[in-house]
Amino acid sequence: MKLTRAIAPAALVGALLMVGCSSGGGSASADAAGEECLASGSASSGVEVSGSVGEDLELTSETPVQADKIQRSVLQEGEGDVVEEGQSVLTSMTLFNGADGSALQQLPASAIPVDKSGLAEWAYDGLRCATAGEQIALAAPYADVFGETPPEQTGLENVTADDSLVIVMEFGEITDASDAAAASGEPGTLEGDELLKKAEGKAVEAPEGFPTVELAEDGEPTITIPEGLEAPDELEIATLIEGDGEEVQPGDRVYVNYRGVIWRTGEEFDSSWSRGEPTDFLTTQVIGGFQQALEGQKVGSQVISVVPAEDGGYGAATLEQQGHQGDDVMVFVLDILGTVHADAAAE
């Protein structure tokens with residue numbers, strides 16, 4: 001399910017505790033920008049749950065739940081102002097299969113930035129009318145949440161493309177994004193105009209045995225695996241461009257543009273370039289092949305990381321869910337565009 005990025009550990013978002021309740025109540029009719037909230041419907045308004053969102057929530061209403069289009073209903077009213085674009089809202093979430101009511105994911109507490117460009121459409125529509133203390137249910141066709149991703153590649157059991165999904169969210173404190181980061185002890189964030197457009201610095205020739213990398217004018221890399229070149233069986237990292245900016249430290253928030261391909265096939269499997277914008281994350285919250293490639297490097301650098309699945313990579317199960325082989329070796333090329341140091345959160 002697309003909400004957070006593939007390089008991050010699998011999770012949708014985090015949570016508040018709640019006691020189960022049934023449908024009803026009202027809510028804001030429009031978001032902070034004046035746009036009407038997602039409409040309710042018979043599928044979402046009939047949702048009843050019990051338990052704690054993101055922990056042990058159960059769907060207690062009748063199944064199957066079938067929605068022809070995405071719907072949003074309020075299960076428990078909140079208080080205060082509607083969240084604004086750029087603010088963060090503490091959110092818990094539970095995902096159910098509408099066909100049989102089984103809980104597919106329980107996702108505990110996290111502050112989620114309400115950012116139209118950074119969230120999947122279904123997630124943004126669920127969040128943009130949130131008020132503190134509110135609990136809502138989304139009912140949506142499979143395709144509205146997963147798009148064209150085959151069910152067998154989602155990592156969820158016993159789900160088909162004909163099923164509808166029920167997503168229950170509960171909202172807590174609403175804060176400015178910078179305040180949310182400070183309260184959680186995380187580094188702050190950077191605006192787009194504070195980032196480099198691409199890696200810049202001194203070009204460095206990669207050691208023998210690495211794939212070749214060619215750059216477009218905008219810096220987008222094309223990664224080519226030389227014919228007959230054998231993949232390594234351990235993590236290998238090399239610098240392709242030496243930047244001269246701040247050095248990335250453990251726990252920093254780092255902004256990167258990256259592309260990942262499978263060594264065996266050359267097929268792209270993950271790329272911020274393809275999504276059209278850089279991504280950011282904490283170095284301590286991503287796969288080892290990313291963390292080790294970034295920490296100690298300087299902003300402006302470009303790094304290539306060759307990552308066996310079981311050596312700081314995605315792992316066999318995740319690769320197989322994406323249609324690759326469980327032992328496939330991954331190749332990432334990363335441009336480091338900016339960083340916010342972890343110790344800045346304590347200042």
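How many aromatic pairs does the count come to? The count comes to 6 aromatic pairs. They belong to a predicted model. The chain has 347 residues, and buried residues make up 47% of them. It holds 7 helices and 16 strands. The points below go from the whole chain to single residues.

**The whole chain**

- The chain exposes about 16,000 Å². Carbon and sulfur atoms supply 43% of that area.
- Take the contacts in the chain with a separation of 6 or more. Residues 24 or more positions apart account for 77% of them.

**Aromatic rings**

- A pair of aromatic rings is described by two things: the distance of the centres and the angle of the planes.
- One of the 6 aromatic pairs joins Tyr258 and Phe332. The centres of these two rings are 6.5 Å apart, and their planes meet at 55°. That pair is tilted.
- Tyr258 sits in strand 12 (residues 253-262), and Phe332 sits in strand 16 (residues 329-340). The pair therefore ties together parts that are 74 residues apart in sequence.
- Both Tyr258 and Phe332 are buried.
- Phe281 and Phe290 make an aromatic pair too. Here the centre-to-centre distance is 5.7 Å, with 75° between the planes. This pair is edge-to-face, because the angle is over 60 degrees.
- Phe281 and Phe290 are both buried.
- Which residues form one aromatic cluster? They are Tyr258, Phe269, Phe281, Phe290 and Phe332.

**The disulfide**

- A disulfide is a covalent bond between the sulfur atoms of two cysteines.
- The count for this model is 1 disulfide. Cys37 and Cys129 form it, with their sulfur atoms 2.1 Å apart.
- Where do the two cysteines, Cys37 and Cys129, lie? Cys37 is in the segment before helix 1 (42-45). Cys129 is in the loop between helix 2 (121-127) and strand 6 (135-141). The bond therefore ties together parts that are 92 residues apart in sequence.
- The torsion about the S-S bond of Cys37 and Cys129 is about -105°, so the disulfide is left-handed.
- Cys37 has 14% relative accessibility, so it counts as buried. Cys129 is buried as well, with a relative accessible area of 0%.

**Strand 7 and its partners**

- Strand 7 covers residues 164-176. Of its 13 residues, 10 are buried, so the strand is mostly covered.
- Strand 4 and strand 7 run antiparallel, and 10 bridges join them. Val89 stands opposite Ile174 of strand 7.
- Strand 6 also pairs with strand 7 in the antiparallel sense, over 7 bridges. Gln135 has Glu170 in strand 7 as its bridge partner.

**Thr91 in strand 4**

- Thr91 lies in strand 4, which spans residues 87-97.
- Is Thr91 buried or exposed? Thr91 is buried, because its relative accessible area is 0%.
- The side chain of Thr91 reaches the backbone oxygen of Val89 at 2.9 Å.
- Thr91 and Glu170 are 79 residues apart along the chain. Their C-alpha atoms are separated by 5.6 Å.

**Ser73 in strand 3**

- Ser73 belongs to strand 3 (residues 71-76).
- With 4% relative accessibility, Ser73 counts as buried.
- What joins the side chains of Ser73 and Ser44? A polar contact of 2.6 Å does.
- Leave out residues up to four places away in sequence. Ser73 then touches Ser40, Gly41, Ser44, Ser45, Gln135, Ile136 and Ala137.
- One of these residues, Gln135, is also the bridge partner of Glu170 in strand 7.

**Gly266 in a loop**

- Gly266 is found between strand 12 and strand 13 (268-271), in the loop there.
- Why does Gly266 count as partly exposed? Its relative accessibility is 33%. Buried means under 20% and exposed means over 50%, so this value falls in between.
- Gly266 and Pro226 are 40 residues apart in sequence. In space they are 9.9 Å apart, C-alpha to C-alpha.

Methods: Residues numbered from 1 in each chain as written. Predicted model: local features only at pLDDT ≥ 70, side-chain atom pairs only at ≥ 80, totals over all residues. Heavy atoms only, no water. Helix = DSSP H or I, 4+ residues; strand = E, 2+ residues; numbered from the N terminus. Buried < 20%, exposed > 50% of the residue type's maximum accessible area, 1.4 Å probe, protein only. Polar contact = N/O pair within 3.5 Å; in protein donor to acceptor, adjacent residues only side chain to side chain. Contact = heavy atoms within 4.5 Å. Disulfide = S-S within 2.5 Å. Phe/Tyr/Trp six-rings, centres within 6.5 Å; stacked < 30°, edge-to-face > 60°. Areas by Shrake-Rupley, 256 points an atom, 1.4 Å probe, with all protein chains shown as cover. Pairing = 2+ DSSP bridges.
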